[in-house]
Amino acid sequence: MIRNKKQDYVLAYKRPASTTYKGWEEEALPIGNGSLGAKVFGIIGAERIQFNEKSLWSGGPLPDSSDYQGGNLQDQYGFLAEIRQALEKRDYNRAKELAEQHLIGPKTSQYGTYLSFGDIHIEFSQQGTTLSQVTDYQRQLNISKALATTSYVYKGTKFEREAFASFPDNLLVQRFTKEGAETLDFTIELSLSRDLASDGKYEEEKSDYKECKLDITDSHILMKGRVKDNDLQFASCLAWETDGDIRVWSDKAQISGASYANLFLAAKTDFAQNPASNYRKKIDLEKQVKDLVEIAKEKGYAQLKSRHIQDYQALFQRVQLDLGADVDTSTTDNLLKNYKPQEGHALEELFFQYGRYLLISSSRDCSDALPANLQGVWNAVDNPPWNSDYHLNINLQMNYWPAYVTNLLETAFPVINYIDDLRVYGRLAAARYAGIVSQEGEENGWLVHTQATPFGWTAPGWDYYWGWSPAANAWMMQTVYEAYSFYRDQDYLREKIYPMLRETVHFWNAFLHEDKEAQRWVSSPSYSPEHGPISIGNTYDQSLIWQLFHDFIQAAQELGLDEALLTEVKEKFDLLNPLQITQSGRIREWYEEEEQYFQNEKVEAQHRHASHLVGLYPGNLFSYKGQEYLEAARASLNDRGDGGTGWSKANKINLWARLGDGNRAHKLLAEQLKSSTLSNLWCSHPPFQIDGNFGASSGMAEMLLQSHTDHLVPLAALPDAWSRGSVSGLMTRGHFEVSMSWADKKLLQLTILSRSGGNLRVSYPDIEKSVIKMNQEKAEVKCMGKDCISVATAEGDLVQFYF
């Protein structure tokens, strides 16, 4: 495979992060190992490490609850028939009245919120406190090694710090060293975060969600506590290793006369991804966190660092991207400030890889692992925006858009397992809101809506107009099924994915309503995120159900299972009729939108969502339709405009790439960088929301390579700005790993590694005229028409194209 030898990717700054909430959000640098996250501030004469553990949530059930319902209210399905009837009669007022009253969930503190865990505060003496007192200040995040560093010189002594979050050893590690005459003298405090944020600042008022006790010895600080409303237990242990003298005070430890010090932090809760145990496990938290730091001390810093880098790079280094950028020594904030779309390759490469870095750092596969939430794993306050929860009407899905194509399958296992577990309380939602009942041991259908928590919250939101979203289960199954599309593990399909797919299909097979007048099977009532009125079978719901049925038909036929269900599903599949074109040539968002009685209320002309285009990306519905539908999608995107929130721009990068318009996709990428990206390269909604980072990375990959049809297309939407370059390690559906280089927007070389065997189909101008070799010998090639070829491969075959 083609590999680019490049310097490390580094975010670099010449000043510390501010200690305000705005400084946390926009400037401090993130490290994480999937379950632990931390923000490093790089303060002069001090340091703050704000840290998280992803399962530290309020809300949900108590450990001994017997009445937890996942938020689902009793027997709301009794009103469904009347709502559907009113919609068919176009009595929108009656349908609205009933849906607003009954198709909602409770607004209650039991929903919960993601909580910040704690802060490590370090105060150094004799290191200065301001930028003007020191020289050579540098604050960096090396995303090629997942290391955060700070260094500066004070009175001739160079002070350096290095921090990382280790997945193999499950802890945060920080090292302090110095070169010169001065020694390291500092105090260490460990405290519980009780901050609240308002207007970009920490409020004076504090939250009251948690309580804890501290135990300080000359080797560690132990914090043990609980979340008050749900009795979730937590513990963290901060230990140190140093050649300095140690003194212990009532609230801190003091180290003096040291030449180095290593800090090790472990943090855990008793959360378990297990609805049957009220999401708890029996665990000696104190012993666990103490053991982790003791084992770390025995291994020593050098081994911990080397194990961390080796583990991280095994994922990160799979994909290399070279857009022809010169090495740029600018600080990252200057790179962002001076970015110009035609010459911003250095920032674009960094931004692409940063999305992959953030996904590895916020989603790793281990027991009880949760998926990346709205903020990944990072949260400094107990009142984060939207509870820093899981939003299932694009946001959680977008978090995982880069997982498969940028060769990070392992990061997707937490979301797949999470969806699997949501089915338990999802069956209760299906019974109470759809009348679809599963007796003990049955899997007749599950339901989830717009927002969810680690505790199986599957009820609709407390307002119909954003909270009702029954097709969220279908969209999440698309995320799950793509793991098979890309990686072709048939055992995993049969044992893990297919049971989830089948139950979701059972739900929709039963819940779909026959609209006799329109001769369609429809989702009714439906709502298009996040604007417009109540309606019948809108494009969003129908497109997602179409994709669900499409994937199920494929999987069931491949596995030879469920023949009777397959027959029923095929009949309804052909009558979903998800896409219509308006008289003005756009994709309809609502089936009824051109009817006389359609209620146009709540429709926003340039809304941030483009929900009626889910079949274009990430789905493949449009690839089964003619050119007129692609033109209508183009018209719809033009109508929506290029504005919107950070994640909305990222969504449009992917949509324009699917339409093959690389220049428009690149324009959206440029807009996202210029107006929706913070100085630490986090994407801003505003406020910070991590999905935009992930969506940008997937969009850049989609510009370079597409595989949603029956063939893969290299340089599918290459913009003029990327006229030369190379990429290696991208994955396609069918489990092919692709590397390529190009100049003047034309392929020079294309190398494809067949990871699972099977027919390799490639579409590219004049590809039949290229020199094609398999394992260094002339390949047997079947011409599939102009610009398209097919090669039969076995696992491990290397196919090379020379142009």
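These are my notebook entries on a few places I looked up in this structure, which is a predicted model.

**Entry 1: the seven-stranded sheet**

I started with the sheet and wrote down its strand order. It is an open sheet of seven strands, running S2-S3-S4-S5-S10-S17-S16 with antiparallel pairing. Which strands stand at the edges? They are S2 (29–32) and S16 (245–248). Each has a single partner strand, so one side of each is left without a neighbour in the sheet. I also noted the twist, which averages 20° from one strand to the next.

Then I checked what lies against the sheet. Helix H7 (residues 345–362) packs on it and touches S2 and strand S3 (36–40). The direction of H7 makes about 45° with that of S2.

**Entry 2: strand by strand**

Next I went through some of the pairings. How many bridges join S5 to S10? I found seven, with S5 (residues 118–124) and S10 (residues 184–192) running antiparallel. If you want a spot to click on, Asp 119 stands opposite Ser 191 in S10.

On to S10 and S17 (residues 253–258): these pair in the antiparallel sense over four bridges. Here Phe 186 has Ile 255 in S17 as its bridge partner.

Then came S16 and S17, which are also antiparallel, with four bridges. Val 248 stands opposite Ala 253 in S17. These two strands form a hairpin, and four residues sit between them.

A reminder to myself for looking at strands: in a regular strand the side chains alternate between the two faces of the sheet.

**Entry 3: two helices side by side**

I moved on to H18 (residues 662–675) and H19 (residues 691–704). Two packed helices are described by the angle between their axes and the distance between the axes. For H18 and H19, the angle is about 155° and the axes are 11 Å apart. Are they roughly parallel or roughly antiparallel? Angles over 145 degrees count as roughly antiparallel, so H18 and H19 are roughly antiparallel to each other. The crossing of H18 past H19 is left-handed.

I listed who makes the contact. From H18 it is Gly 662, Ala 665, His 666, Leu 669 and Gln 672. From H19 it is Gly 692, Asn 693, Ala 696, Met 700 and Met 703. Sorted by class, that contact has five nonpolar residues, five polar ones and no charged ones.

**Entry 4: cis peptide bonds**

I looked up two cis peptide bonds. The bond from Pro 529 to Glu 530 is cis, with omega near -15°. Glu 530 is in the loop between strand S23 (520–522) and helix H14 (539–559). The bond from Tyr 617 to Pro 618 is cis too, and its omega is near 10°. Where is Pro 618? It is in the loop between helix H15 (563–573) and helix H16 (627–640).

**Entry 5: positive phi without a glycine**

Ala 146 caught my eye, with a phi near 60°, a positive value in a residue other than glycine. It is in the loop between strand S6 (135–142) and strand S7 (147–154). Buried or exposed? Under 20% relative accessible area means buried, so Ala 146 at 6% counts as buried.

Ser 388 is not a glycine and has a positive phi of about 50°. I found Ser 388 in the loop between H7 and strand S20 (390–391). Its relative accessible area is 0%, so Ser 388 is buried.

**Entry 6: two more loop residues**

Glu 780 is in the loop between strand S31 (777–778) and strand S32 (782–783). Exposed means over 50%, so Glu 780 counts as exposed at 74% relative accessibility. Which residues does Glu 780 contact, leaving aside its neighbours within four places in sequence? I got Ser 790 and Val 791. I also checked Thr 793: it is 13 residues from Glu 780 in sequence, and their C-alpha atoms are 9.9 Å apart.

Last was Asn 274, in the loop between strand S18 (260–269) and helix H4 (285–299). With a relative accessible area of 32%, Asn 274 is partly exposed. I also compared positions with Lys 786, which is 512 residues away along the chain. The C-alpha atoms of Asn 274 and Lys 786 are separated by 53 Å.

Note on methods:
Residues are numbered from 1 along each chain as its sequence is written. This is a predicted model: local features need pLDDT of at least 70, side-chain atom pairs count only at pLDDT 80 or more; totals for chains, interfaces and linings use all residues. Side-chain values use heavy atoms; hydrogens and water are left out. Buried means under 20% relative accessible area, exposed over 50%, partly exposed in between (1.4 Å probe, protein chains only). Axes are lines fitted to C-alpha atoms, for helices over the stretch in contact, and angles run from 0 to 180 degrees between N-to-C directions. Angles under 35 degrees count as roughly parallel, over 145 as roughly antiparallel, 65 to 115 as roughly perpendicular and the rest as oblique. A crossing is left-handed if the near helix is turned anticlockwise from the far one by less than a right angle, and right-handed if clockwise. Contact means heavy atoms within 4.5 Å. Ala, Val, Leu, Ile, Met, Phe, Trp, Tyr, Cys and Pro count as nonpolar, Asp, Glu, Lys and Arg as charged, and the others, Gly among them, as polar. Two strands pair if DSSP finds at least two bridges between them.
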